[in-house]
Amino acid sequence: MSITIKTGAEVDAMRLAGRLASEVLDYLTPHVKPGVTTEALDKLAHDYITQVQGAVPAPLNYAPPGYTPYPKSICTSINHQICHGIPNDRPLKSGDIVNIDVTVIKDGWHGDTSRMFVVGEGSILAKRLCQVTYEAMWRGIVKVKPGTRLGDIGNTIQTFAENAGFSVVHEFCGHGIGQRFHEEPQVLHYGRAGTLEELKPGMIFTIEPMINAGKRHIREMPDGWTIVTKDRSLSAQWEHTVLVTETGYEVLTLSEGYPPLPDFVTATAT
Ligand code: MF3
Ligand code: CO
Ligand code: CO
């Protein structure tokens, strides 16, 4: 399968799926507090997606080749967990940082987005890591336009994160998205400017950098899903689903409750 180009009604369907995914995070936000379990957040998200949105939580039973079916409806990755953390009965505590990653399927189309949450009072390092990762994602997003190459996006994100003293996870990347959860292309969050695929209007993919406070290396947990930092340093991630327009980009995973945009982001649709 090569990179699909979405047009007209397909883009509209992706706009709806993207907004719904973001609205799930808006809905969860007031619940992300000390004492709540990630399992409780998972149930809230599952019920909201299925009963209010009339959509399907894409992670539930998702089983790419070589994986056991994912058992929950969202991913919750805490502290040194990089991604694909599985909701469980452990309460969040003040000082934790947690990534909540939501993917919904609406009318057959996928919207995929994640945010970081600082639970209660976070350390200076934890807050800085979340902020730098947020800015790294947006620095990548604003490069999106026809003619930009995927290597330009990866290089921008890597340079920004490493200048802040952090490292970029190499093993997981952004991805094309549409009627399938993970499509071509792979969107690396590191690399060389001027290399790899040239962007064309109608491409839709995610940008979802995973940034570690320590070294970039990862370890997979025995549950077959959860990825952690090998050195147990903190890790953060933010994710958007982005459309390449004729002149720039449109972020599909925004909603009313979305946090303020960085000041270098002028508009979301150009
Ligand atoms: N939402 C993740 C991504 O951004 C993928 C999660 S796969 C799951 O690509 F099965 F763990 F949910
Ligand atoms: Co994704
Ligand atoms: Co995701």
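**Ligand 1 and the cysteines**

In this predicted model, an oxygen atom of ligand 1 sits 2.8 Å from a side-chain N or O atom of Glu208, which fits the cut-off for a polar contact (a pair of N or O atoms within 3.5 Å). The protein covers 96% of the 340 Å² of accessible area that ligand 1 has on its own, going by the Shrake-Rupley method with a 1.4 Å probe. On the nitrogen side, a polar side-chain atom of Asp101 lies 3.1 Å from a nitrogen atom of ligand 1, and one of Thr103 lies 3.4 Å from a nitrogen atom of the ligand.

Around ligand 1 there are 14 residues (a heavy atom within 4 Å), with Pro59, His175, His182, Glu208 and Glu239 coming nearest. Sorted by class, that shell holds 6 nonpolar, 4 polar and 4 charged residues, with Gly counted as polar and Cys as nonpolar.

As for disulfides (cysteine sulfur atoms within 2.5 Å), the count is 0. Cys75 misses out because its sulfur is 7.8 Å from the closest cysteine sulfur, in Cys83, too far for a bond. Cys173 is in no disulfide either, the nearest cysteine sulfur, that of Cys83, being 10 Å away. Cys75 also counts as buried, at 10% relative accessibility (the cut-off is under 20%, with a 1.4 Å probe and protein chains only).

Local features need pLDDT of at least 70 and side-chain atom pairs 80 or more, while totals for chains, interfaces and linings use all residues. Residues are numbered from 1 along each chain as written, chains are lettered from A and ligands numbered from 1 in written order, and side-chain values use heavy atoms, without hydrogens or water.

Technical notes:
A polar contact is a pair of N or O atoms within 3.5 Å; within protein, one must be able to donate a hydrogen and the other to accept it, and residues adjacent in sequence count only if both atoms are side-chain atoms. Buried means under 20% relative accessible area, exposed over 50%, partly exposed in between (1.4 Å probe, protein chains only).
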